[in-house]
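Q: I am new to this structure. Please take a close look at one helix, then show me some other parts worth finding.

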Amino acid sequence: MRTQVGIVGAGPAGLTLARLLRAEGIESVVLEARSRDYVEHRIRAGVLEQGTVDTLVGAGAGERLRREGIVHHGIGLQFGGERHRVPLSELTGGAAIVIYGQTEIVKDLIAIRLDAGDPLHFEVEDVAVHDVESDRPRITYVHEGRPQELECDLVAGCDGFHGVCREAIPAGVLTEFWREYPYGWLGVLAHAAPAHGEVVYCNTERGFALLSLRSPEVSRLYLQCRPDEDVGEWPDERIWEELEARVAVPGYTLNRGPIAEKGVTGMRSYVAEPMRHGRVFLAGDAAHVHSPVGGQGMNTGIGDAMNLGWKLAATVRGWARPGLLDTYEQERHPVGEMVLRMTDGAYKLVMARTRAGLALR
Ligand SMILES: Cc1cc2nc3c(=O)[nH]c(=O)nc-3n(C[C@H](O)[C@H](O)[C@H](O)COP(=O)(O)OP(=O)(O)OC[C@H]3O[C@@H](n4cnc5c(N)ncnc54)[C@H](O)[C@@H]3O)c2cc1C
């Protein structure tokens, strides 16, 4: 089989890239290790920056996002027992953030792709990328029990932190930067009307807490905890009590409701260098992982796809000026590093103010 761009991974980065390539008339095949149901229900990001919204709308994937996304013109910062509002739109000349779950973005992009009849294969196994230094890279994989080989002009590794595309960059060429943080986030999805209309970041002596939402009926809530925290030790009642203790300010009541999901995410930052080797390009979490503290991982991944899409299209068509593909790394690597520094700054602030919170339990 042949395609112009082989894309490994059907997360936000891979699906956005596939959509942008299609808009340029470029064929791609998307290969995903998990089932459609799994990727459509993997609860993660939900805060979209203006650039992400513009990209998705511009790519023709923003119809439901515009209808159902909840626009926030500001955020709350709570510390010292007081809540302060940062008026984002006022400060940025009209830009806003939009609350719309990563699950919904993935569902929208998958539906559009499958409706158009474009290839997207779920539950592929044994994916490996070969010959990336040649002008005919290949992806081998097993689909529905049969070994397959896909010849490509270019390969996009959008397969997240645990993916295989990074392995196509030889040892000695690949440099990796790590930071493991000594805390995690206990994330909760609750069928409870958000009591506050905007996202609120709370810094308290007991540890950090985040009040967020997914819809007018569903709250997304986070508690700072240990990275190896056993979620089994957090019955619903304990979660609500701890949230109340951390987010309480005079006049504010947290609405309670059934908890539909809870899980602990360890915090880690990671950057790989280079983001390109020969004809393989890394985008999204495959190239850089930002701890959810900054709410930037998906936004950065979609930014990568936006930057890469038209450059791959120009290259496949033979229109690219020499060196165009090199600008992907030149432009996106500093963004990855900047986000990392910002997240790290947030980490240091949290650490300085919430040491007591780390000793929970
Ligand atoms: C709790 C939590 C909250 C977050 N909140 C935010 C937020 O508010 N804002 C924000 O911007 N970001 C947030 N993030 C980060 C965001 O979710 C990620 O940055 C985003 O999912 C990255 O998208 P991606 O497409 O690069 O990778 P992924 O979403 O990881 O997708 C990669 C895909 O590749 C597939 N894959 C892996 N290996 C293979 C293989 N060998 N073959 C084929 N397919 C493979 C995977 O199954 C997956 O579907 C959060 C993350 C967490 C954990």
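**A kinked helix, and beyond**

A: Helix α8 has a kink of about 25°, and the bend is centred on L308. Keep in mind that this is a predicted model.

Start with the extent of the helix. α8 covers residues 297-317, which makes 21 residues. From its first C-alpha to its last, the helix reaches 30 Å. That is close to the 30 Å expected at 1.5 Å a residue. So this helix has both a kink at L308 and a span close to the expected one.

Next, look at its surroundings. Is α8 mostly covered or mostly open? It is mostly covered: of its 21 residues, 16 are buried. Then follow the chain just past the helix. There you meet G318, which takes a positive phi of about 85°.

Now leave the helix for the aromatic rings. The structure holds eight aromatic pairs. One of them joins W185 and F208. Their ring centres are 5.3 Å apart, with 15° between the planes. This pair is stacked, because planes under 30 degrees apart count as stacked. What does the pair tie together? W185 lies in strand β12 (residues 175-190), while F208 lies in strand β14 (residues 207-215). The pair therefore ties together parts that are 23 residues apart in sequence.

Both partners are buried. W185 has a relative accessible area of 3%, and F208 has one of 8%. F208 also pairs with Y201: the centres are 6.4 Å apart and the planes stand at 40°, so this pair is tilted. Step back, and ring pairs link W185, Y201, F208 and Y222 into a cluster.

Rings also meet charged side chains. R34 lies over the face of Y38, at 4.1 Å from the ring centre. R238 lies over the face of W234, with 3.6 Å to the ring centre.

Finish with a sheet. Three strands form it, in the order β3-β7-β4. The sheet is open, and its pairing is antiparallel. Which strands are at the edges? They are β3 (47-48) and β4 (70-72), each pairing on one side only. Between β4 and strand β7 (residues 97-99) there are three bridges. To find the match across these two strands, look for V71, which stands opposite V98 in β7.

For a second look, return to the helix and find L308, where the kink is centred. Then go on to G318, just after α8.

Definitions and conventions
Residues are numbered from 1 along each chain as its sequence is written. This is a predicted model: local features need pLDDT of at least 70, side-chain atom pairs count only at pLDDT 80 or more; totals for chains, interfaces and linings use all residues. Side-chain values use heavy atoms; hydrogens and water are left out. Rings of Phe, Tyr and Trp (its six-membered ring) pair if their centres lie within 6.5 Å; planes under 30 degrees apart count as stacked, over 60 as edge-to-face and the rest as tilted. Helices (H or I, at least four residues) and strands (E, at least two) are DSSP runs, numbered from the N terminus. Buried means under 20% relative accessible area, exposed over 50%, partly exposed in between (1.4 Å probe, protein chains only). A charge sits over a ring if NZ of Lys or CZ of Arg is within 6 Å of the ring centre and within 35 degrees of the ring normal. Two strands pair if DSSP finds at least two bridges between them. The expected span of a helix is 1.5 Å times one less than its number of residues. The bend at a residue is the angle between axes fitted to the seven residues ending there and the seven starting there.
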